[in-house]
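Please read this briefing alongside the sequence and the 3D view. The overall fold comes before the ligand site.

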Amino acid sequence: MFIHGSGENSNLWKEQFEDLNLKYNLISIDLPSHGNSESVSDLSLELYVNVINGLIETLQIKKVILCGHSLGGAIAQSYYFNYPQNVKALILVGTGGRLRVSPVILNALKSDFQEYLESIPLAAFYIKTNKSIINAIIEDTSRIPQEVVYTDFSICDRFDTLDKTNTINIPCLIIIGKQDKLTPLKYSTFFNEKIKNSKLVVIDKAAHMVMLEKPDEFNKAIQEFIENHLENK
Ligand code: COA
């Protein structure tokens, strides 16, 4: 189950659906107030975790592999801390156990949404990323209400479970774009040092949007992780 990050929607994972969907049962959700999901007031980390739990219960999934990006990674970790028995493995992509947000981002999101949207190419993407990939993300983000994107980043800013990272005791794949500026490599190496059963994959010439920037390497990492760490185990 794929969980997108702040100001994103389920389209984020379209390259994974193109490829991995033939082999696995993939689910990609639009969080409340994002994409095609209903608008909800009082968004919070707890609400996002409850929505994931509701979906897992409704679909009667016994053991889920949760793959979360950025805020989605915070949701995946929180879900695991609340419902460890339901999670087979975690895939943590461009995220961290603590996700402080620059005041520059929060201020832009409070005052000038256009300024925030214009900052996305440099902040979130590797410099040589194809413009069409970048524009598609900006287009999707521009459709999400400004206050929702602000709330997402505020949730990230408050998120801190660094003291619990070493209690994660299921297989964990950590994927990071080497040039990620929003959730630097250090956050992922921290995961890898603290989580016993983890594998770190660093993808060069990619930044925060690594799943779109280097889909082949990204999908290969997931496939190898499932084949080598999870299948028949
Ligand atoms: N994993 C491991 N270490 C982490 C961490 C994580 N997830 N999050 C923070 N740390 C470390 C930092 O590297 C730093 O270590 P250092 O003192 O040895 O350099 C320390 O914890 C404190 O960092 P932080 O909590 O981030 O506070 P800060 O006041 O130093 O910096 C920001 C605050 C906002 C400037 C900084 O977090 C930043 O630049 N963030 C990235 C940009 C951003 O906004 N990203 C959006 C994320 S959704």
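The protein chain has 233 residues and a radius of gyration (taken over C-alpha atoms) of 16 Å, which agrees with the value near 17 Å for a compact globule of that length. The globule rule is 2.2 Å times the number of residues to the power 0.38. This is a predicted model, in which local features need pLDDT of at least 70 and side-chain atom pairs count only at pLDDT 80 or more, while totals for chains, interfaces and linings use all residues. Residues are numbered from 1 along each chain as its sequence is written, and side-chain values use heavy atoms, leaving out hydrogens and water.

**Overall fold**

- The protein chain holds 10 helices and 6 strands, which are DSSP runs (helices H or I, at least four residues; strands E, at least two) numbered from the N terminus.
- Of the 233 residues, 52% are buried, meaning under 20% relative accessible area with a 1.4 Å probe, protein chains only.
- The C-alpha trace spans about 50 × 40 × 35 Å along its principal axes.

**Ligand site**

- There are 13 residues around the ligand, and Arg98, Val101, Ser102, Leu182 and Lys186 come nearest; a residue counts as near if one of its heavy atoms lies within 4 Å.
- Helix H8 (residues 185–194) gives the most to this shell, with 3 residues.
- The side chain of Arg98 places an N or O atom 2.6 Å from an oxygen atom of the ligand.
- For Ser102, a backbone N or O atom is 2.7 Å from a ligand oxygen atom.
- For Leu182, a backbone N or O atom is 2.9 Å from a ligand nitrogen atom.

Note on methods: A polar contact is a pair of N or O atoms within 3.5 Å; within protein, one must be able to donate a hydrogen and the other to accept it, and residues adjacent in sequence count only if both atoms are side-chain atoms. Buried means under 20% relative accessible area, exposed over 50%, partly exposed in between (1.4 Å probe, protein chains only).
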